[in-house]
Structure formats: structure tokens, C-alpha cells
Amino acid sequence: APLAGTKTRDDSSRTWVMRSTDRGLTWQEHGTMGHQDSGPSFHEPRIVMLPDGRILGMMRTPSANFYQAHSSNGGQTWSPVKETPIWCGGSSPPDLLLLEDGRVLCTYGHRREPFGVRACLSEDGGDTWDLDSEVVLRDGGLGRDMGYPTSEQLENGDILTVYYWQDGDEVRYLAGTQWQLD
């Protein structure tokens with residue numbers, strides 16, 4: 001389970017993973033993914049298991065792009081954090097999904113004009129991201145108060161991405177976009 005925060009009042013913000021070996025009855029700290037000393041503060045991490053056995057973790061930041069790290073030993077240790085080319089700037093956290101074809105899909109709220117929800121693909125387990133082919137799933141947001149997408153690949157191969165959205169009445173609701181990859 002990926003977590004973010006501080007362990008003590010004297011600790012700086014960090015992201016880490018916890019592990020349960022008894023179906024969630026007890027949990028143990030397993031490894032630190034990112035620590036504020038190694039870059040900007042990191043928040044709301046997401047993880048995905050890759051076909052090669054590595055874990056890809058991605059973290060939200062308040063003012064920079066999304067950051068990521070990899071673990072090759074089940075989350076006990078992590079590579080140094082690396083900035084991705086995907087803009088974050090305090091946007092909602094990324095969602096990571098391993099697709100049937102082995103690519104990694106990252107969906108995220110785009111909390112700067114034009115406000116909306118976007119997606120980006122990696123063909124190499126997150127080592128690089130194809131930002132030139134970024135997919136705009138929805139534009140037209142009224143402001144930063146939207147996002148937190150989650151995606152699933154449907155049986156027919158389409159992607160369903162669900163997120164929260166609001167219209168002019170300031171009522172927040174769940175919305176979704178069903179779309180296809182090229």
C-alpha cells in the first residue's frame with residue numbers, strides 16, 4: 001500500500017510502502033519511495049507492478065512535474081526519484097494502469113488551463129513517457145477542482161477513465177470517458 005506523510009513531528013514529508021502478509025490484519029513499513037530531502041515534497045503515491053517484476057511508483061508534487069521511482073525487490077528499496085516530463089503542479093495524483101499489451105497508462109487531472117483530464121503512455125515501464133502523444137480525455141473544466149482519475153481496461157480493449165468533475169453550479173460529481181488507444 002503506497003502512503004505519504006510524516007512518521008514523527010520532526011520527520012519531513014515522504015512517500016513509502018507498507019506491506020501485509022496476513023491479508024491486511026497487520027502492516028509493516030516496507031520501504032521509502034521518495035523523501036523530501038531528495039527533491040520537492042512528494043504526495044499521494046501510486047504504484048503498479050510491471051511485467052518484468054519491478055514496481056513503478058509515481059508521486060504528486062506541489063509545484064513540479066510528477067516524480068517517479070522503481071523498485072526491483074518488491075518495494076524494499078527504490079531507485080533515486082526522477083522527474084517525469086508530465087506536468088503536475090499540485091494536480092490530482094496520477095493513476096497507473098498496466099495495459100494488456102504491456103504498456104503503462106498514466107491518467108491525471110490537468111489543473112492548469114485548459115483544465116481537464118489527460119493520459120500519457122510508456123512503452124518501457126515508465127523509463128520514458130510519450131508526452132508528444134498525450135491524450136486529452138476531457139477539457140472545459142472551470143478550474144482546478146476536478147481530477148483524481150482512475151482507469152480500467154475493458155474486455156473489448158477500450159479504456160474507461162472515471163474522475164470527479166464540477167459544472168457551474170459547483171456541485172461535484174463522478175464523470176467518465178470511455179476511449180480507445182491508437
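This is a short walk through a predicted model, stop by stop, with what to select at each one.

**Stop 1: the N-terminal strands**

Start by selecting residues 2-5, which make up strand 1, together with residues 14-19, which are strand 2. The two run antiparallel and are joined by four bridges. To see one of the pairings up close, pick Leu-3: its bridge partner in strand 2 is Trp-16.

Keep Trp-16 on screen and add Arg-14. Arg-14 lies over the face of the Trp-16 ring, 4.3 Å from the ring centre.

Now bring in residues 28-35, strand 3. Strand 2 pairs with strand 3 over six bridges, again in the antiparallel sense. Show Arg-19 and look across to strand 3, where Gln-28 stands opposite.

**Stop 2: the four-stranded sheet**

Next, colour strands 4, 5, 6 and 7. They form an open sheet in the order 4-5-6-7, and the pairing is antiparallel. Which strands stand at the edges? Select 43-49 for strand 4 and 82-87 for strand 7: each has a single partner strand, so one side of each is left without a neighbour in the sheet. While you rotate the view, note the turn between neighbouring strands of this sheet, which is 30° on average if you ignore direction.

Zoom in on strand 6, residues 65-71, beside strand 7. Three bridges join this antiparallel pair. Pick Gln-68 and you'll find Lys-82 of strand 7 opposite.

**Stop 3: a charge over a ring**

From here, select Trp-87 and Arg-112. The charged end of Arg-112 sits over the Trp-87 ring, 4.2 Å from the ring centre. You've already seen an arginine placed over a tryptophan, with Arg-14 and Trp-16.

**Stop 4: a tyrosine pair**

Last stop: aromatic rings. The model has four aromatic pairs, and the one to select here is Tyr-148 with Tyr-164. How are their planes arranged? The pair is tilted, with 40° between the planes and 6.2 Å from centre to centre.

Widen the selection to residues 147-153, strand 12, and 159-166, strand 13. Tyr-148 lies in strand 12 and Tyr-164 in strand 13, so the pair ties together parts that are 16 residues apart in sequence.

Finally, switch on the surface and check each tyrosine: buried or partly exposed? Tyr-148 counts as partly exposed, at 34% relative accessibility. Tyr-164 has a relative accessible area of 19%, and the cut-off for buried is under 20%, so Tyr-164 counts as buried.

Key. Residues are numbered from 1 along each chain as its sequence is written. This is a predicted model: local features need pLDDT of at least 70, side-chain atom pairs count only at pLDDT 80 or more; totals for chains, interfaces and linings use all residues. Side-chain values use heavy atoms; hydrogens and water are left out. Two strands pair if DSSP finds at least two bridges between them. Axes are lines fitted to C-alpha atoms, for helices over the stretch in contact, and angles run from 0 to 180 degrees between N-to-C directions. Rings of Phe, Tyr and Trp (its six-membered ring) pair if their centres lie within 6.5 Å; planes under 30 degrees apart count as stacked, over 60 as edge-to-face and the rest as tilted. Buried means under 20% relative accessible area, exposed over 50%, partly exposed in between (1.4 Å probe, protein chains only). A charge sits over a ring if NZ of Lys or CZ of Arg is within 6 Å of the ring centre and within 35 degrees of the ring normal.
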